[in-house]
Each structure stands twice: as structure tokens, then as C-alpha cells.
Amino acid sequence: MSTKDQNATALRAEEVIALVNQILQPLSAERVSLNDAVGRVLREPVCAPEDQPPFDRSAMDGFAVRLDDSGLEFRMVDEIRAGDWKPRELQRGETIRISTGGALPGDNLQVVMKEDVQADGAAIRIAQRRKSRNIRFRGEDAHAGQVLVEPGTTLQPGTLALLATIGQAMPLVTRIPRVLHLATGNEIVAPEQTPQRGQIRDSNSILVRAFLKHWHVEPEQQRLPEDEAVAKAESGKRKAEIENLDLLLISGGASVGEHDFTRRLLEHFGFEILASKTNLRPGKPLIVARRGNAIAFGLPGNPLAHFVCLNLFVRVALDGFSGRGPSNIFQRGTLATTLESDRNARETFWPARHESHAGRIQLAPLRWSSSGDLTSLSMANALVRVMPGAADLDAGAEVEFVPTIC
Ligand code: AMP
Ligand code: MG
């Protein structure tokens, strides 16, 4: 047994989170095309290569005139459309028809909007001369060299639009983690199969896969029987993959039962066990292990316990890998109805639904009978934290909760 194994004590949720944060380093970065960059985390500052906008542009469809020419009657001498580049010095009494986005032909001009003008061929009469210049000036958004997007930013559609504008077509982002998920148990069969007596369908594999999508991860997945020798032999076929992975998830067998071999399997793969018990409900048997910058979780097989451990701990690992920086997963809200916690000695993460009412977050605790309860799992979008030994919480009580990955 490793000396760092904190088995002796059952860890609180916060201690597991701190442990995970402490051991994780962001993964290396890679360049990807803008088309593949949505949701990825930027790893270098992106600066404006030139002033933005790079030239004075008309903000309206209208007529460019000299600012110092206060007349109302003009002669149209040219037309500038978006994309044209026609520098020239306008004379008094001259105007140029210009489209929205068109480059102004010179300085000290004003664009009179089309709606304020009557045109008769080249003869232009301004009905109303307003103050607004209707120009988006060079450098108005940003100056050359200015940092526009900070490292650690998650690239959203709007950020990508900005990167496109400045020609940053291959942003440097964190690579996607390599993940292997092994679902163990003699009883589990694929969802499309009809279970024999004593068997159940594997719901954890899709739970894990769907959860990982949030980080763009497509995991390798395999079902293994509850047999240490077979599991070792089967995983031996994945040797290279196991040596290169960033995150290993093993479902089931994390407890101390006779056939619970997750711990031994992790040690067999060269992982050092850092923790193997929590005081959580659900989610008590949980193994956390590391090998260099790779991390492994032995997750309790119960689907709800799985859900809790994924949303509390595996999530923190994935955020840590991403380079987004440590995230605070806890938020505050108000209970919509009573939560009967029954003075349980363990720290409980209670499945609930959160909704926003008039700017306040309301949490409705879901009925929950056991840690295998799939009905509450299917509806939950939050986990309400109930401290060990807490009495029942009344409607209106302020609580902490974790919004789950949706
Ligand atoms: P274990 O952690 O292996 O002792 O499993 C605890 C409970 O979770 C048992 O009732 C298992 O049948 C159930 N279980 C384990 N793996 C899965 C799975 N992949 N899908 C659904 N239930 C599971
Ligand atoms: Mg099992």
C-alpha cells in the first residue's frame, strides 16, 4: 500500500477536489483550424496584428463630404463600394456615394446617410445635415499589438469571429485528453442486449461518454468481466494506449469486496493510489490514482454515485487538463421545497433540478431512494450539498449546489 494513500481517512469532497487540482498540469497545446476550435481553450495571448478596423470605414450607406464644407448641394464625383480602395482629396461641393463598410477616400470627412439626401442624377441635395460622422475609425476597436484574447479563454463563436477578423486562422489550444474507460462487472451487458436473469444493462458507459463530450473527448471504452486475470489479459492488449493515456476511468469494483480489483488493476498499470475512500453519499468507494501527469479514477459502479463522482471530481481533472484554470464548481441557491436529509453522517450530494426565477436560483430536490436510482439521475441538473449530520432543510433555505454537466 502506498504511503501517500490517504485511505485511513475518508476524504471530504473538497479534499478530493484539492487533491486532483494539486496533481494536475494542463496538457500540451496544438494548433487547430478555426473550424475545429470551438469550445477549446486558448493557450497563448492573441494580439491585434494591426489597428482594428484597419482603415476608416463608412458605417452607413450614404454620401461622403468634407467636414469643413457646410453646404447642402453637392455634385457626385464617384462611387465607393465595400472592398474598393480609392483614395482622393474631395473638393468643396463634391461628394462620393459610399456603401456601408466602404473605405473612406481620405481624412476629415463625414458620411451623410442616404435617408437624409435627395439625388437627381449627379446632383445631390442634403435635406438635413446632422452632426454624426457615421464613420468607424481606424483603431476604434483595438490598436496594433493590443491583447485581444487572453490565454485560458474558452473559444466561443464570438471569439472565433474575432480571431478570423485578425487572420489568426490556427489558434494554439490545449490538446484533447486521451481517455480510456473500462466498465467492469459480470452482470453488465450492452444496452441493445436483453439481459439474462441476474444481469443488467450497462448505463455507465453512455453516461461517461456523454459527460466527456463537454470536453470534446471521444473515449475508448471496453467492458470487462469481474475477473482480475481476465481484466489484466484484456487490458494487456491495449498496452500502448494505457501507457499514453491522460485519464483512466474504471467503473465498478472500487470497493473493498473480495472481487473488487480496480485498485490492483491500477497498480498493475503503474498508478500510485492517492485516495480510496470518501465520506460522500453517494460515492463512498472512490479511488484516485496518478502516474506522472496521468490521473485515474476508480468509480463506484452505482449510476448515481457515478454521476456524482463525474460531476464533482472527474470534471475538475478535465478542467485542470484544459488549462482553463481551477474552477469553482459550487454555486448558491435557494431550496424550492423541503430536503429531508435525515441527519446523515455523510456529506450528501442530493440530485435536484435548478431553475432561475426572477434572477434567483431555485432548487427542487428530487426523490431519491438509492445510489442506483436512475429516475432521479435522468432528471437531475444539479447536486445539492448537504453537510454531514445536517437536519432537514426547509424550503427557502440557502444551500450550495453543483450544476451538473448538461
Ligand atoms: P460495484 O461498484 O462494482 O460494486 O457496483 C455497484 C452497483 O453498481 C452494482 O449494483 C452494479 O450492478 C452496478 N453497476 C456496476 N457497473 C454498472 C454499469 N456499468 N451500469 C449500470 N450499473 C452498474
Ligand atoms: Mg462490480
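These legends describe views of a predicted model of one protein chain.

**View 1. The fold of the protein chain.** Eight helices and 26 strands are found in the protein chain. Of the contacts with a separation of 6 or more, 70% are between residues 24 or more positions apart.

**View 2. The extent of the protein chain.** The C-alpha trace spans about 95 × 55 × 45 Å along its principal axes. The radius of gyration of the protein chain is 31 Å, whereas a compact globule of 406 residues would have one near 22 Å.

**View 3. Surface and charges of the protein chain.** The accessible surface is about 19,800 Å², and carbon and sulfur atoms contribute 48% of this surface. Of the 406 residues, 46% are buried. The protein chain holds 48 positive and 51 negative charges, and the mean positions of the two sets lie 0 Å apart.

**View 4. R40 in its loop.** R40 sits in the loop that runs between strand 1 (29–31) and strand 2 (46–47). R40 counts as buried because its relative accessibility is 7%, and the cut-off for buried is under 20%.

**View 5. The side chains of R40 and E30.** The side chain of R40 makes a polar contact of 2.6 Å with the side chain of E30.

**View 6. The surroundings of R40.** Leaving aside residues up to four places away in sequence, R40 touches E30 and V32. Further residues touched by R40 are T153, T154 and L155, then V173, T174, R175 and I176, and also H216.

How values were computed:
Residues are numbered from 1 along each chain as its sequence is written. Chains are lettered from A and ligands numbered from 1 in the order in which they are written. This is a predicted model: local features need pLDDT of at least 70, side-chain atom pairs count only at pLDDT 80 or more; totals for chains, interfaces and linings use all residues. Side-chain values use heavy atoms; hydrogens and water are left out. Helices (H or I, at least four residues) and strands (E, at least two) are DSSP runs, numbered from the N terminus. The radius of gyration is taken over C-alpha atoms; the globule rule is 2.2 Å times the number of residues to the power 0.38. Buried means under 20% relative accessible area, exposed over 50%, partly exposed in between (1.4 Å probe, protein chains only). Contact means heavy atoms within 4.5 Å. Accessible areas come from the Shrake-Rupley method with a 1.4 Å probe; for residues, only the protein chains shown count as cover. Lys and Arg count as positive and Asp and Glu as negative; His and the chain ends are not counted. The place of a charge is taken as NZ of Lys, CZ of Arg, CG of Asp or CD of Glu. A polar contact is a pair of N or O atoms within 3.5 Å; within protein, one must be able to donate a hydrogen and the other to accept it, and residues adjacent in sequence count only if both atoms are side-chain atoms.
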